[in-house]
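Good morning, everyone, and thank you for making time for this short presentation. Please have the sequence and the structure open in front of you, and we will walk through them together.

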Amino acid sequence: VQLQASGGGLVQAGGSLRLSCAASGRAVSRYVMGWFRQAPGTERAFVAAINWNGGSKDYASSVKGRLTISRDNAKNTVYLQMNSLKPEDTAVYYCAADSQWEFGSTNRFREEDYDSWGQGTQVTVSS
């Protein structure tokens with residue numbers, strides 16, 4: 001599975017962005033998909049995960065209520081809607097797929113739970 005993340009950019013605090021993650025090479029409709037982020041000088045951290053049909057979602061506590069993960073299996077694409085952005089949301093955002101299991105649950109919070117990764121898209125939130 002090849003993943004291509006896009007949609008990052010520079011936005012003021014309180015603004016919004018929508019990230020997209022387009023998959024190719026294989027349909028990801030049966031897989032858990034996730035978003036992670038990495039700020040300068042820190043390790044990559046879990047942001048959100050969604051199960052195969054969008055019926056189950058999990059979020060990091062720091063983004064709950066502001067960021068929303070969704071997917072369109074017909075387009076083989078996963079999204080991350082980011083509202084009420086804060087300077088501490090500044091990071092490179094990565095999408096990931098767990099193609100090892102079909103119809104898995106969203107309790108996948110570790111990098112090692114995912115086996116395919118996109119290249120990352122930079123999000124910068126100015127104060």
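**A walk along the strands**

Going from the N terminus onward, the elements of this chain run β-β-β-β-β-β-β-β-β-β-β. Because the radius of gyration is 13 Å, close to the 14 Å that the globule rule gives for 127 residues, the chain is as compact as a globular protein of that length. I should say at once that what you are looking at is a predicted model. If you prefer a tally, the secondary structure comes to 11 strands and zero helices.

Let me stay with the whole chain for a moment. Along its principal axes, the C-alpha trace spans about 40 × 25 × 25 Å, and buried residues make up 46% of the 127 residues. The chain exposes about 6200 Å², and of this area carbon and sulfur atoms supply 45%. As for charge, there are 13 positive and 11 negative side chains, with the centres of the two sets lying 6 Å apart. If we take the contacts between residues at least 6 apart in sequence, 58% of them join residues at least 24 apart.

Now I would like to turn to strand 4, and to the strands that it pairs with. Strand 4 covers residues 32-38, and six of its seven residues are buried, so we can call this strand mostly covered, given that buried means under 20% relative accessible area. Which way do strand 4 and strand 9 run with respect to each other, parallel or antiparallel? They run antiparallel, and seven bridges join strand 4 to strand 9, which spans residues 91-98. Within this pairing you can find Arg37 standing opposite Tyr93, and you can also find Gln38, whose bridge partner in strand 9 is Val92.

Strand 4 also pairs with strand 5, residues 45-50, again in the antiparallel sense, this time over five bridges. One place to look is Gly34 in this pairing, which has Ala49 in strand 5 as its bridge partner. Strand 4 and strand 5 form a hairpin with six residues between them, and in the turn Gly41 has a positive phi of about 80°.

Let us follow strand 9 a little further. Strand 9 is mostly covered as well, with seven of its eight residues buried. Three bridges join strand 9 to strand 11, residues 121-126, and the two run antiparallel; here Val92 stands opposite Gln122. You will remember that Val92 is also the bridge partner of Gln38, and so this residue is a good place to pause when you trace the pairing on your own screen. Strand 9 pairs with strand 10, residues 116-117, too, in the antiparallel sense over two bridges, and in that pairing Ala97 stands opposite Ser116.

The next region is the hairpin of strand 7 and strand 8. Strand 7 has two faces: Leu67, Ile69 and Arg71 make up the covered one, whereas Thr68, Ser70 and Asp72 make up the uncovered one. Six bridges join strand 7 to strand 8, and these strands run antiparallel, with Ser70 having Tyr79 as its bridge partner in strand 8. The hairpin has four residues between the strands, and among them we meet Asn76, with a positive phi near 55°.

What deserves a remark about that angle? Most residues other than glycine have a negative phi. Asn76 has its positive value although it is not a glycine, and its place is in the loop between strand 7, 67-72, and strand 8, 77-82. Is Asn76 buried or exposed? Asn76 is buried, with a relative accessible area of 13%. Ser84 is another residue other than glycine with a positive phi, near 50°, and its place is in the loop between strand 8 and strand 9. With a relative accessible area of 42%, Ser84 is partly exposed.

I will finish with Ser20, which lies in strand 3, residues 17-24. At 17% relative accessibility, Ser20 counts as buried, because the cut-off is under 20%. Which residues does Ser20 touch, if we leave aside its neighbours within four places in sequence? Ser20 is in contact with Gln4, Ala5, Ser6, Trp35, Thr77, Val78 and Tyr79. Among these contacts is Tyr79, which we met a moment ago as the bridge partner of Ser70.

Conventions: Residues numbered from 1 in each chain as written. Predicted model: local features only at pLDDT ≥ 70, side-chain atom pairs only at ≥ 80, totals over all residues. Heavy atoms only, no water. Rg over C-alpha atoms; globule rule 2.2 N^0.38 Å. Buried < 20%, exposed > 50% of the residue type's maximum accessible area, 1.4 Å probe, protein only. Contact = heavy atoms within 4.5 Å. Areas by Shrake-Rupley, 256 points an atom, 1.4 Å probe, with all protein chains shown as cover. Lys, Arg positive; Asp, Glu negative; His and termini not counted. Charge placed at Lys NZ, Arg CZ, Asp CG, Glu CD. Pairing = 2+ DSSP bridges.
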